[in-house]
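User: Please take a close look at the internal spaces of this model, and then place them against the fold around them.

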Amino acid sequence: MKVEYYKEYSNNLGRDMEFKVYGHAGRPFLVFPCQDGRFFDYENMGMIDAAKDFIESGRIQMFCCDSNDLASWSSKSWDNRARIEQQEAYVRYITNELAPRVFDINAEANGGVYADGIMTTGNSMGGTHALNFLLRRPDIFAGCIALSGAYNAREFFPDYFDDLVYANSPVDYIEGMPYDHPYVEMYRNRQIIVCCGRGAWENPMQEDSQRMKELFEHKNIPAWVDFWGSDVCHDWPWWKKQLPYYLNFVC
């Protein structure tokens, strides 16, 4: 398997950010780590191995990025505005800095042909980012496989709510989005997969996924919101089964 490592300075975050690329060709997938995670976690926890048949056959190319959660979602700072502004800085990093690099690296791998969009994926907080980035920028992202994510920002900001928290809370901004918003039609042409187990440690992820299912149906957005059984818990062994299962439907 071809593997490449990159370390590049982010003007939006004011520090070096690292990412790793797996595969020689195929559809580009941007992989978000779990909460507070690093770019190498996906490989270390066996997820790259779980997807190796898709990678080695040239069906997908995976780009595993770093998080900024310690400064935003996980921060214990009293300054909630600063916390959510750090999330917005991460949004700008991903959309304005990393996504163009993904397109360029992937095009070079595919003989100069640019992808028509980047897929996103991740588990837990990575799933949160995967869905949020797709919904916020469907002009950049072509779909997602969001596993066990939380989609209500109030889980992280229980006593604070402003315009930026709203902008990063899918259960809120999809509910508030007008039916004639141009993004709604774009969503209908994206591959949206949201999965959650019904076992241990899958709360409030279950509730958030159910709410997203209701909102997608209400807006006539054909998302696939899938619930696995009561034995399916919020943990790596299940995510390693879920990822290749869903890859079969999008690659």
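Analyst: Start with the second largest cavity, which has a volume of about 30 Å³. The model is a predicted one. The walls of this cavity come from Trp-73, Thr-128, Ala-150, Tyr-151, Asn-152, Ala-153, Phe-156, Asn-168 and Pro-170. By class, that lining has 6 nonpolar residues, 3 polar and no charged.

A search of the whole structure finds 2 cavities of 30 Å³ or more. The largest cavity has a volume of about 60 Å³. Its lining includes Val-31, Phe-32, Pro-33 and Cys-34, then Arg-38, Asp-41 and Tyr-42. Cys-64, Cys-65, Gly-122, Asn-123 and Trp-236 also line the largest cavity. At least two lining residues each come from β3, α1 (41-44), β4 (60-65) and β5. Here the split is 8 nonpolar, 2 polar and 2 charged.

Now the largest pocket. About 200 Å³ of space lies in it. The pocket is lined by 13 residues; nearest its centre lie Gln-35, Ser-124, Met-125, Phe-156 and Met-205. Phe-156 is also one of the residues lining the second largest cavity. The pocket lining counts 6 nonpolar, 6 polar and 1 charged residues.

Next, the sheet. It is open, has 8 strands and mixed pairing, and follows the order β1-β2-β4-β3-β5-β6-β7-β8. At its edges are β1 (3-10) and β8 (224-227), each paired on one side only. From one strand to the next, the twist averages 20°.

Strands β6 (residues 141-147) and β7 (residues 191-196) run parallel and are joined by 5 bridges. Within this pair, Cys-144 has Ile-192 of β7 as its bridge partner. Helix α5 (residues 125-136) packs on the sheet and touches β3 (27-32), β5 (118-123), β6 and β7. The direction of α5 makes about 155° with that of β6. Helix α9 (residues 205-218) also packs on the sheet, where it touches β7 and β8. The direction of α9 makes about 150° with that of β8.

Finally, a helix pair. The axes of α4 (residues 80-109) and α5 come within 12 Å and cross at roughly 70°. The two helices are therefore roughly perpendicular. From α4, the contact uses Gln-87, Glu-88, Tyr-90, Val-91, Ile-94 and Thr-95. From α5, it uses His-129, Asn-132, Phe-133 and Arg-136. By class, this contact has 4 nonpolar, 4 polar and 2 charged residues.

Note on methods. Residues are numbered from 1 along each chain as its sequence is written. This is a predicted model: local features need pLDDT of at least 70, side-chain atom pairs count only at pLDDT 80 or more; totals for chains, interfaces and linings use all residues. Side-chain values use heavy atoms; hydrogens and water are left out. Two strands pair if DSSP finds at least two bridges between them. Helices (H or I, at least four residues) and strands (E, at least two) are DSSP runs, numbered from the N terminus. Axes are lines fitted to C-alpha atoms, for helices over the stretch in contact, and angles run from 0 to 180 degrees between N-to-C directions. Contact means heavy atoms within 4.5 Å. Angles under 35 degrees count as roughly parallel, over 145 as roughly antiparallel, 65 to 115 as roughly perpendicular and the rest as oblique. Ala, Val, Leu, Ile, Met, Phe, Trp, Tyr, Cys and Pro count as nonpolar, Asp, Glu, Lys and Arg as charged, and the others, Gly among them, as polar. On a 1 Å grid over the protein atoms alone, a cavity is a set of points where a 1.4 Å probe fits but cannot get out, and a pocket is an open set with protein on both sides within 12 Å along at least five of seven lines; lining residues have an atom within 4 Å of a point. Grid points are joined across faces, edges and corners, and a volume is the space filled by probe spheres set on the points.
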